[in-house]
Amino acid sequence: MERIPILRMGSYLLVTVQVDMHDQLAQQLQEDLAVKIVQTGARGVLLDISALELVDSFIGRMIGNIAATARVLDVATVVVGMRPAVAITLVELGMSLPGVQTALNVELGMELLRDRLEETVFNDHFPE
Amino acid sequence: MSLLVEILTKQQADLLSDWNRDLVNQTRTNGLSEKEIANQSKMLLEYLRDALQQDGNAMVDAPAMSRVRQFLVDVADARARQGFTPSEIAALTFSLKRPVFLRLEKLANGADQLSAEIWAATELIDGLGLHTLNAFLRSREELIKRQEQDMLELSTPVVQLWKGILALPLIGTLDSARTQVVMETLLQKIVETESRVAIIDITGVPTVDTLVAQHLLKTVTAARLMGADCIISGIRPQIAQTIVHLGIELTDVTTRATLAGAFQLALQRTKLNAAALHEFERAKSGAKEF
């Protein structure tokens, strides 16, 4: 069965959506990612959707769910590279994805994750 | 309508010169030379003759008239662009009545035939006139639509203030169509320039009601989804009061009174990332030393 690969990069997981997501694929990704996070003990997830051209409310909700699942597992999620058309569609659908962090591209997304992670490490070392 | 066909066939040159005299006397030429006008009326008469020879009772919408119709549309289009008024355009065909009626009077046998012929000719010429006017209006409407589109595109410039900082000075009323264009151009520019902060300046927006606010919020949300922060600036005192009176919730959006204030904040934000990182590096190396 077709699956979206989840790559491990240090303490981060990298998910690059290269095909048009259909419902089953999104559902599968959500499940796989949760399993992978627990398996690897990852601290951050980077979801790159720069190749995603079509979204509907279901896919929009899935993106939100993926981030929420990750948050429950104490993992920071950054959605990167959303296309203008996709952003407009989601807004028109009334889905502003609250609680999902976003970045313009993979580089900035990685930077954001690193900042977040270092912040938590920093706070662990220097509790207020 | 046999007499009209006869006039168009046998007395064409005579009719043409008579009609042309009327045309030149009655209407402004608006830069068109007499020769051009004469040429156009000659073509029209020829097409009309051909059409009537094909179908003696043809009205404007008859298939035989297709070339006449096309010709009138072309002429109306051209004149609309040259700045003719609607009455001048209408006069083009309606002025054909006098010379035609004069000749019908001479040829007709008795009052009955004359009135029948005149009625038929009137109907035909009126039809042609209305068709021309319709074409004229259509081409004006197209012109207006095109200008509207041009204005829409011209009125939404996205400028880059600094590396990673975009500004969008909005001028004029925000409606749905305009918001769509604004949103698209802003998001496109964010992708192109990889900007993290976008400032939407509404100094030039005369009024902000709930609808406009909703449009603004949509744009801000879309930008956030793509990973860029939006700051709304240029909120005049009256508009700030209106926003509060209307109960518009702007708590999720960063706002500033002036573009300068927003720019300062944007600079801070883009620098903050680097500065915070630097600060942290220092603290980390300090921690190691202890």
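**Charge over a ring**

I started with B:Arg79 in this predicted model. Its charged end sits over the ring of B:Phe84, and I get 5.2 Å from there to the ring centre.

**Aromatic pairs**

Next I looked up ring pairs and got two over all chains. I checked B:Tyr47 with B:Phe71: the ring centres are 5.5 Å apart and the planes make 65°, so I logged this pair as edge-to-face, the angle being over 60. The two partners come from distant parts of the chain, 24 residues apart. B:Tyr47 belongs to helix α3 (residues 34–54) of chain B, while B:Phe71 belongs to helix α4 (residues 66–82) of chain B. I also wanted to know whether B:Phe71 is buried or exposed. Its relative accessible area is 12%, which is under 20%, so B:Phe71 goes down as buried.

**B:Leu45**

I stayed with helix α3 of chain B, since B:Leu45 lies there too. The relative accessible area of B:Leu45 is 0%, so I noted this residue as buried. Which residues does B:Leu45 touch, if I skip those up to four places away in sequence? I found B:Leu8, B:Gln12, B:Leu15, B:Leu16, B:Trp19 and B:Leu96. For B:Leu15 I also took the C-alpha separation from B:Leu45: 9.2 Å, with their positions 30 residues apart along the chain.

**The sheet in chain B**

I counted eleven helices and five strands in chain B. The five strands make an open sheet, ordered β1-β2-β3-β4-β5, with mixed pairing. Which strands stand at the edges? They are β1 (159–162) and β5 (254–255) of chain B; each has a single partner strand, so one side of each lacks a neighbour in the sheet.

I then went through the pairings from the β1 end. β1(B) runs antiparallel to β2 (residues 165–171) of chain B, and three bridges join them. One bridge I looked up there has B:Val159 facing its partner B:Ala167 in β2(B). Helix α8 (residues 176–193) of chain B packs on the sheet, where it touches β1, β2 and β3 (197–204) of chain B. I get about 165° between the direction of this helix and that of β2(B).

On the β3 side, β2(B) and β3(B) pair in the parallel sense, over six bridges. B:Ala167 turns up again here, with B:Ile199 as its bridge partner in β3(B). How many of the eight residues of β3(B) are buried? I got six, so I call the strand mostly covered, with under 20% relative accessible area as the cut-off for each residue.

**Nonpolar cores**

I looked up the largest nonpolar core and found 78 residues in it. Those with the most contacts inside are A:Met82, B:Leu170, B:Leu187, B:Ile190, B:Ile200 and B:Ile202. Helix α9 (residues 210–226) of chain B gives the most to this core, namely eight residues.

I followed up on A:Met82, leaving aside neighbours within four places in sequence. In chain A it is in contact with A:Ile49, A:Ala87, A:Leu90 and A:Leu97; in chain B its contacts are B:Leu225 and B:Met226. Another core lies apart from the largest one, with 41 residues, including B:Ile89, B:Leu92, B:Val100 and B:Ala121.

**Totals for chain B**

Last, I ran the chain-wide numbers. Chain B has 290 residues, and 43% of them count as buried. I also took the contacts in chain B between residues at least 6 apart in sequence: 74% of those join residues at least 24 apart.

Key: Residues numbered from 1 in each chain as written. Chains lettered and ligands numbered in written order. Predicted model: local features only at pLDDT ≥ 70, side-chain atom pairs only at ≥ 80, totals over all residues. Heavy atoms only, no water. Pairing = 2+ DSSP bridges. Helix = DSSP H or I, 4+ residues; strand = E, 2+ residues; numbered from the N terminus. Contact = heavy atoms within 4.5 Å. Axes fitted to C-alpha atoms, helices over the stretch in contact; angles between N-to-C directions. Phe/Tyr/Trp six-rings, centres within 6.5 Å; stacked < 30°, edge-to-face > 60°. Buried < 20%, exposed > 50% of the residue type's maximum accessible area, 1.4 Å probe, protein only. Lys NZ or Arg CZ within 6 Å of the ring centre and 35° of its normal. Core = buried A, V, L, I, M, F, W, Y, C linked by side-chain atoms within 4.5 Å.
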